[in-house]
Amino acid sequence: MSSFGGRMREYPWLSLDRFDRENLRARAYFLSHCHKDHMKGLRAPSLKRRLECSLKVHLYCSPVTKELLLTSPKYKFWENRIVALEVETPTQISLLDEASGEKEDIVVTLLPAGHCPGSVMFLFQGPNGTVLYTGDFRLAKGEAARMELLHSGTRVKDIQSVYLDTTFCDPRFYQIPSREECLNGILELVRSWITLSRYHVVWLNCKAAYGYEYLFTNLSEELGVKVHVNKLDMFNNMPEILYHVTTDRHTQIHACRHPRDDDYLRGNRLPCGMTSRNGTPLRIISVKPSTMWFGERTRKTNIIVRTGESSYRACFSFHSSYSEIKDFLGYIRPVNVYPNVVPMGSTADEVVKIHFLLKNQIKSPQGLELLPSLYKIPVFPTITSVSIPAPLSKCRGQKSFAVLAQKASVRGEGARVRNLISVTETLLQRKMFLLSSIEFLLSLA
Ligand SMILES: [Zn+2]
Ligand SMILES: [Zn+2]
């Protein structure tokens with residue numbers, strides 16, 4: 001679940017994946033993909049009013065994202081203000097400050113994010129350096145190395161900051177089987193069931209969000225059976241998906257939904273109510289694609305786990321695993337990394353942990369292996385200013401940091417910063433992560 005505030009330190013007049021509060025003043029908007037947690041404020045009356053007054057403000061996204069967004073009438077008012085940018089095509093855009101008339105050019109490149117249809121990462125190049133916003137992403141190991149536009153000639157571009165999808169940046173998710181492995185697991189289960197008879201039916205218990213299309217199209221292609229879904233008008237201009245899904249209930253693979261679909265299933269019925277034409281009872285199994293559930297297992301499991309008489313869990317992830325993130329950062333080696341995702345229930349001390357983790361990753365890709373497995377994902381606080389009155393070189397001893405932390409003059413969200421400092425001190429007492437913790441505080445300044 002994204003908790004990114006919308007703005008990057010280097011280009012604060014752009015807003016990405018957040019459209020409320022201070023983002024209402026942005027000079028340009030960017031949408032990485034059509035998931036609700038990345039669309040906060042996008043159809044709010046306040047933003048609508050802003051658009052009516054500021055005729056030069058646009059929303060940039062991929063052509064597929066534009067298509068999906070405009071399927072919903074709630075976003076129709078954006079229609080003439082969306083600029084669909086082709087993926088992997090650097091594009092220069094001029095950002096106008098309407099108040100001062102000041103103009104600045106920036107080059108943006110959309111890179112495929114492998115998360116759901118239309119999902120992209122944004123690479124910005126401009127006067128304040130090159131920065132990469134990943135949105136939500138799933139990149140397999142080595143994929144960054146194959147992205148030509150992340151490179152200048154043969155070497156990777158100098159990237160100042162990465163704003164990173166840290167959903168599974170947690171050692172519990174060290175290794176998530178690849179997309180192909182997960183797909184093959186599900187494919188074999190579905191195949192073995194539906195070939196038993198034509199009354200054997202599979203219900204894919206997928207959440208109502210984009211991202212499962214990859215699964216549907218592959219199952220349909222391999223098994224020659226279309227997948228029943230509630231609606232398909234959003235795919236009207238995407239024949240590669242449209243061909244594999246159907247609103248005809250008479251099929252053996254279903255991904256349809258009903259508000260009470262669990263009740264339906266307990267009664268051995270499909271959410272769409274489909275029955276066989278001659279009255280023979282259907283034999284239904286449900287398959288629930290999950291990632292969290294697998295991460296919570298203490299023992300190693302298979303890709304498919306049977307959880308009941310006729311229910312299964314299947315491993316399936318839209319987000320990069322811990323080791324994929326590690327590989328990605330180790331390859332592009334940015335100066336800064338900022339996590340975009342905070343799961344529920346995280347606390348401030350996790351900020352310091354994750355930051356250390358990411359920083360350390362950049363410096364020494366092997367270092368991560370040594371960390372205890374209790375790391376969770378951080379809260380990322382809004383801090384306007386922290387200053388520590390000494391050069392970093394003097395911060396090597398435990399004592400000197402304690403003194404520094406006391407001396408630190410802190411402005412902004414005072415209590416939170418103080419909390420951070422005390423957390424850092426605690427880590428120091430345990431002789432953990434001295435320099436990087438200090439660097440973390442400094443990087444917030
Ligand atoms: Zn997403
Ligand atoms: Zn159905």
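The exercises below, each with a worked solution, concern a predicted model.

**Exercise 1. Overall composition**

Describe the secondary structure content of the protein, the share of its residues that count as buried, and the sequence range of its contacts.

Solution. Begin with the secondary structure, which comes to twelve helices and 21 strands. Turn next to burial: of the 445 residues, 39% count as buried. Finally, take the contacts between residues at least 6 apart in sequence; of these, 66% join residues at least 24 apart.

**Exercise 2. The four-stranded sheet**

Work out the strand order of the open sheet that contains β1, and state which strands lie at its edges.

Solution. The sheet has four strands in the order β1-β2-β3-β4, and the pairing is parallel. Its edge strands are β1 and β4, each of which pairs on one side only. From one strand to the next, the twist averages 25 degrees. Looking at one pair in detail, β1 and β2 run parallel and are joined by three bridges, and L14 has A28 of β2 as its bridge partner. A helix can then be placed against this part of the structure: in α2 (residues 63-71), the residues V64, T65, K66, E67, L68 and L69 are buried, and the buried residues of this helix pack against β3 (59-61) and β4.

**Exercise 3. Two loop residues with positive phi**

For R21 and E88, give the loop in which each lies, the approximate value of phi, and the exposure class.

Solution. As background, most residues other than glycine have a negative phi. R21 is found in the loop between β1 (14-16) and β2 (28-30), and its phi is near 45 degrees, a positive value in a residue other than glycine. Because R21 has 13 C-beta neighbours inside 10 Å, it counts as partly exposed. E88 lies in the loop between β4 (82-84) and β5 (91-96), with a phi near 60 degrees, again positive in a residue other than glycine. The 14 C-beta neighbours that E88 has inside 10 Å place it in the partly exposed class.

**Exercise 4. The seven-stranded sheet and helix α3**

Set out the order of the open sheet of seven strands, and determine which of its strands α3 lies across.

Solution. The order is β14-β13-β15-β12-β16-β18-β17, and the pairing is mixed. β14 (245-246) and β17 (304-308) are the edge strands, each pairing on one side only. Within the sheet, strand β13 (residues 227-228) and β15 run parallel and are joined by two bridges, with H228 standing opposite H254 in β15. Helix α3 lies across β12 (200-204), β15, β16 (283-290), β17 and β18 (311-315), and runs at about 155 degrees to β18.

**Exercise 5. The crossing of α3 and α4**

Characterise the crossing of α3 and α4 by angle and handedness, and then analyse the residues that make the contact.

Solution. The axes of α3 (residues 179-194) and α4 (residues 213-223) come within 10 Å and cross at roughly 50 degrees. The two helices are therefore oblique to each other, and their crossing is right-handed. On the side of α3, the contact is made by L183, I186, L187, V190, R191 and I194, and on the side of α4 by L215, N218, L219, E222 and L223. Sorted by class, the contact has eight nonpolar, one polar and two charged residues. The spacing can be read against a general rule: an α-helix has 3.6 residues a turn, so residues three or four places apart point the same way.

**Exercise 6. C256 and H258 in one loop**

Are C256 and H258 buried or exposed, and which residues do they contact?

Solution. C256 lies in the loop between β15 and α6, and H258 has its place in the loop between β15 (253-254) and α6 (261-266). C256 is buried because 22 other C-beta atoms lie within 10 Å, the cut-off being 20 or more. H258, by contrast, counts as partly exposed because it has 15 C-beta neighbours inside 10 Å. Leaving aside neighbours within four places in sequence, C256 is in contact with H228, V229, N230, L270, P271 and C272, whereas H258 touches Y264 and P271 when residues up to four places away are not counted. As for C-alpha separations, C256 and N205 are 51 residues apart along the chain and separated by 8.2 Å, while H258 and C272 are 14 residues apart in sequence and 7.0 Å apart in space.

Key. Residues numbered from 1 in each chain as written. Chains lettered and ligands numbered in written order. Predicted model: local features only at pLDDT ≥ 70, side-chain atom pairs only at ≥ 80, totals over all residues. Buried ≥ 20, exposed ≤ 12 C-beta atoms within 10 Å, placed from the backbone. Contact = placed C-beta atoms within 7 Å. Axes fitted to C-alpha atoms, helices over the stretch in contact; angles between N-to-C directions. Parallel < 35°, antiparallel > 145°, perpendicular 65-115°, else oblique. Left-handed = near helix turned anticlockwise from the far one by under 90°. Nonpolar A, V, L, I, M, F, W, Y, C, P; charged D, E, K, R; others polar. Pairing = 2+ DSSP bridges.
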